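Q: Could you take a close look at the salt bridges here and tell me where their partners sit? I'd like one connected walk-through.

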Amino acid sequence: MKPEEFRAQVQQALGKQFQQFVQEGEVPAPRGLWIYRLAAAGTAGDQPAIWIYHLVASPQGQQLVCIFRIHASQFDNFGAKDLALVGTLEFATSKTASSQK
């Protein structure tokens, strides 16, 4: 998935809660992974919120999306703590028919 498609899907998923994107871009990733981080501001109920989305892709094309939601007042203090968790993700390798014999 391209970053533009990811942005559109995040905005659609948040719907009326969405206000604006506040941060986005590729982040350094281990083991050949590709990680795109996208932070969106909006409201959850009557509270200001930030959603931090991660699109993680493996060299084999596997993809995963991780989402963190925090109160908007905690965004600066939160920093990149999410990346400490996202950076530990590993995709399972699929076994071929010959290796299953």
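A: Glu-24 is partly exposed, with a relative accessible area of 36%. This is a predicted model, so keep that in mind for everything here. The side chain of Glu-24 meets that of Arg-7 in a salt bridge, at 2.8 Å from N to O. Because Arg-7 belongs to helix H1 (residues 3–14) and Glu-24 to strand S1, the pair ties together parts 17 residues apart in sequence. Arg-7 is partly exposed too, at 31% relative accessible area.

As for the sheet itself, it's an open one with four strands in the order S1-S2-S3-S4, paired antiparallel. Strand S1 (18–27) is an edge strand, and so is strand S4 (63–71); each of them pairs on one side only. From one strand to the next, the twist averages 15 degrees.

Now for the other bridge; searching the whole structure turns up two. Here the side chains of Asp-82 and Arg-37 meet, again with 2.8 Å from N to O. This pair links distant parts of the chain, since Asp-82 sits in helix H3 (residues 81–86) and Arg-37 in strand S2, 45 residues apart. Asp-82 is buried, with just 1% relative accessible area, and Arg-37 counts as buried at 9%.

Strand S2 (residues 34–44) also has its partner in the sheet: it pairs with strand S3 (residues 47–57) in the antiparallel sense, over eleven bridges. Within that stretch, Leu-38 stands opposite Tyr-53 in S3.

Key:
Residues are numbered from 1 along each chain as its sequence is written. This is a predicted model: local features need pLDDT of at least 70, side-chain atom pairs count only at pLDDT 80 or more; totals for chains, interfaces and linings use all residues. Side-chain values use heavy atoms; hydrogens and water are left out. Two strands pair if DSSP finds at least two bridges between them. Helices (H or I, at least four residues) and strands (E, at least two) are DSSP runs, numbered from the N terminus. Axes are lines fitted to C-alpha atoms, for helices over the stretch in contact, and angles run from 0 to 180 degrees between N-to-C directions. A salt bridge is a side-chain nitrogen of Lys or Arg within 4 Å of a carboxyl oxygen of Asp or Glu. Buried means under 20% relative accessible area, exposed over 50%, partly exposed in between (1.4 Å probe, protein chains only).
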